[in-house]
Amino acid sequence: MSSLPIQTKDNSEWRLTEKELCHLDTLKKLTEPTIADLCRKEHPNLLIFPQDLDVYGDKIGDAHIFEVKDEKIVTGNIMGFIGCGDTKVSISSRFAQDSNDYFLHYMLRKVFAINLFDLQFNSDEESIFDFLIYLFPTFLKRAMQQGMYREYQTRRYNDANVKGRIDISRHIRQDIPFAGKIAYTTREYAQDNHLTQLIRHTIEYISHHQYSGNILHNDDNMSDCVKAICQATASYNRNERQKVINQNLRPISHPYYGEYRPLQQLCLQILRQEEMKYGRDDDEIYGVLFDGAWLWEEYLNTFLADIGFEHPRNKEAKGRKSLFTDGSGWCYPDFLSPEMVLDAKYKSYDDWSKVQTKDLYQVISYMHVLNRKKGGYVVPVDWTSSKLPSKTLKGQGGIMSIYGMDVAFKAESFENYYSNMALSEQEIINNLET
């Protein structure tokens with residue numbers, strides 16, 4: 001079988017070539033489970049964003065990565081890279097230009113606050129796995145906001161300061177004739193544990209990476225986090241990396257340290273890159289996937305927040321609104337300002353006739369209940385006129401609009417694309433403020 005990935009785009013159909021049809025059975029295997037099923041089975045080499053599937057109202061967990069119909073791959077909003085054995089599928093954004101997926105990488109940089117330009121821009125295996133390194137600072141800082149991860153560890157000592165259970169057999173082996181020391185074992189709530197060791201090994205790996213070592217000191221906060229991890233892992237031994245990886249294959253489940261679980265998964269992905277390239281099991285599912293709907297919404301928040309839009313969040317019960325006068329019936333509009341309700345849609349809404357009825361009713365309901373006279377959708381588009389004619393609602397009234405953000409312009413480099421996207425963002429802002 002060929003090791004070249006099957007190349008396709010989100011929200012599209014790709015007819016398998018004669019050579020690619022030999023992968024058909026494995027492709028069908030990848031389509032059977034839902035995204036939630038894949039997460040529940042805890043494939044250690046599969047990383048899916050967003051990682052908390054229960055938070056988002058679009059029911060991401062119920063979706064499939066793609067479907068196989070009549071020897072064609074039919075994709076939805078999922079982008080990234082996934083493989084099983086020798087079968088590999090690369091899904092780029094539908095707005096990708098040639099082999100450069102500037103749009104996907106632009107959103108990732110904005111959402112995860114990555115300030116570097118010297119990265120690859122396609123969705124193949126090498127590019128996606130290398131990109132994980134640049135996500136590490138965001139994940140580490142989020143986790144460290146919850147404090148240093150601690151857990152009970154069994155420690156074995158042999159000294160005169162007995163503070164645990166005496167280990168008789170070890171004491172006999174080591175301390176006869178008696179010289180004032182006693183062998184004992186104790187349980188300690190320690191910072192130096194299998195997870196902080198995993199983070200330390202990842203830090204050391206990144207520090208020696210050819211291009212990315214400087215991300216560990218991009219800002220003072222990151223430098224402080226790295227320093228704290230290094231101080232907490234005094235027993236670090238670079239030769240024990242595989243042992244530490246094996247100790248972390250089972251995800252942590254501590255309810256307080258929730259942000260450490262995605263960090264643990266990311267560290268495993270980074271440290272196991274070479275192993276995943278050359279030592280995979282035939283049935284192992286691996287890859288990195290991004291839900292386009294989630295990513296589009298989080299990206300919009302990076303600049304809509306600056307002009308007064310609130311972004312309610314289910315996970316933190318932040319910004320929720322009540323549907324009823326008695327305070328019950330919580331709802332979470334995507335974006336809310338004193339004048340407007342906005343819905344972020346990663347869909348091809350380039351005409352009013354394409355807007356799904358359920359999406360239409362949702363925004364109208366929010367406008368009525370929350371007493372907003374304006375509502376609409378913000379969508380990525382590849383057409384030059386970025387705003388369709390608005391429509392006026394009957395009954396209670398109100399203006400509805402589709403705000404299209406041009407994201408598919410030609411660009412000679414990522415720097416050029418970056419500049420053009422800044423202009424598109426400003427155009428959206430101007431349209432929203434008129």
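**Figure 1. Overview of the predicted model, whose protein chain has 13 helices and 18 strands.** The model shown in this and the following views is a predicted one. Of the 434 residues in the protein chain, buried residues make up 50%. The chain exposes about 21,500 Å², and carbon and sulfur atoms supply 47% of that area. When contacts between residues at least 6 apart in sequence are considered, 70% of them join residues at least 24 apart. Ten salt bridges are present in the structure, and some of them are taken up in later views.

**Figure 2. Close-up of the cis peptide bond between Phe-49 and Pro-50.** The omega angle of the bond that joins Phe-49 and Pro-50 is about 5 degrees. Pro-50 belongs to the loop that runs between strand S3 (46-49) and strand S4 (66-69). As background to this view and the next, most residues other than glycine have a negative phi, and most peptide bonds are trans.

**Figure 3. Close-up of Asp-70 and Glu-71, two residues with a positive phi.** Asp-70 is not a glycine, yet its phi is positive, at about 50 degrees. The residue is found in the loop between S4 and strand S5 (72-75). Asp-70 counts as exposed because its relative accessibility, 66%, is over the 50% cut-off. Glu-71, also a residue other than glycine, has a positive phi near 65 degrees, and its place is likewise in the loop between S4 and S5. Glu-71 has a relative accessibility of 40% and therefore counts as partly exposed, a class that lies between the cut-offs of 20% and 50%.

**Figure 4. Close-up of the salt bridge between the side chains of Arg-94 and Asp-10.** The N to O distance in this salt bridge is 2.8 Å. The pair links distant parts of the chain, with Arg-94 in the loop between strand S7 (87-92) and helix H3 (102-111), and Asp-10 in the loop between strand S1 (6-9) and strand S2 (13-15), so that the two residues are 84 residues apart. Arg-94 and Asp-10 are both buried.

**Figure 5. Close-up of the salt bridges made by Lys-345 with Asp-343 and by Lys-347 with Asp-359.** The side chains of Lys-345 and Asp-343 meet in a salt bridge with an N to O distance of 3.4 Å, and both of these residues are buried. In the salt bridge between the side chains of Lys-347 and Asp-359, the N to O distance is 2.9 Å. This second pair links distant parts of the chain, since Lys-347 lies in the loop between strand S15 (340-344) and helix H12 (357-369) whereas Asp-359 lies in helix H12, twelve residues apart. Lys-347 has a relative accessible area of 22% and is partly exposed, while Asp-359, with a relative accessible area of 3%, is buried because that value is under the 20% cut-off. Salt bridges with shared partners join Asp-343, Lys-345, Lys-347 and Asp-359 into one network.

**Figure 6. Close-up of the right-handed β-α-β unit made by S15, H12 and S16.** Strands S15 and S16 pair in the parallel sense, with five bridges between them. Asp-343, which also takes part in the salt bridge with Lys-345, stands opposite Tyr-377 in S16. Strand S16 comprises residues 374-381, and seven of its eight residues are buried, so the strand is largely enclosed by the rest of the structure. S16 also pairs in the parallel sense with strand S18 (residues 399-406), over eight bridges. Within this pairing, Val-378 has Tyr-403 in S18 as its bridge partner.

**Figure 7. Close-up of a nonpolar surface patch made by Leu-323, Phe-324 and Val-369.** The patch has an area of about 250 Å². One of its members, Val-369, is placed in helix H12, the helix that also forms part of the β-α-β unit with S15 and S16. At a relative accessibility of 35%, Val-369 counts as partly exposed. Helix H12 thus appears in several views, as it also holds Asp-359, the salt-bridge partner of Lys-347.

Notes
Residues numbered from 1 in each chain as written. Predicted model: local features only at pLDDT ≥ 70, side-chain atom pairs only at ≥ 80, totals over all residues. Heavy atoms only, no water. Helix = DSSP H or I, 4+ residues; strand = E, 2+ residues; numbered from the N terminus. Buried < 20%, exposed > 50% of the residue type's maximum accessible area, 1.4 Å probe, protein only. Salt bridge = Lys/Arg side-chain N within 4 Å of Asp/Glu carboxyl O. Patch = residues over 30% accessible without salt bridge, like charges linked within 9 Å, V, L, I, M, F, W, Y side chains within 5 Å. Areas by Shrake-Rupley, 256 points an atom, 1.4 Å probe, with all protein chains shown as cover. Contact = heavy atoms within 4.5 Å. Pairing = 2+ DSSP bridges. Right-handed = clockwise from strand over helix to strand, strands pointing away.
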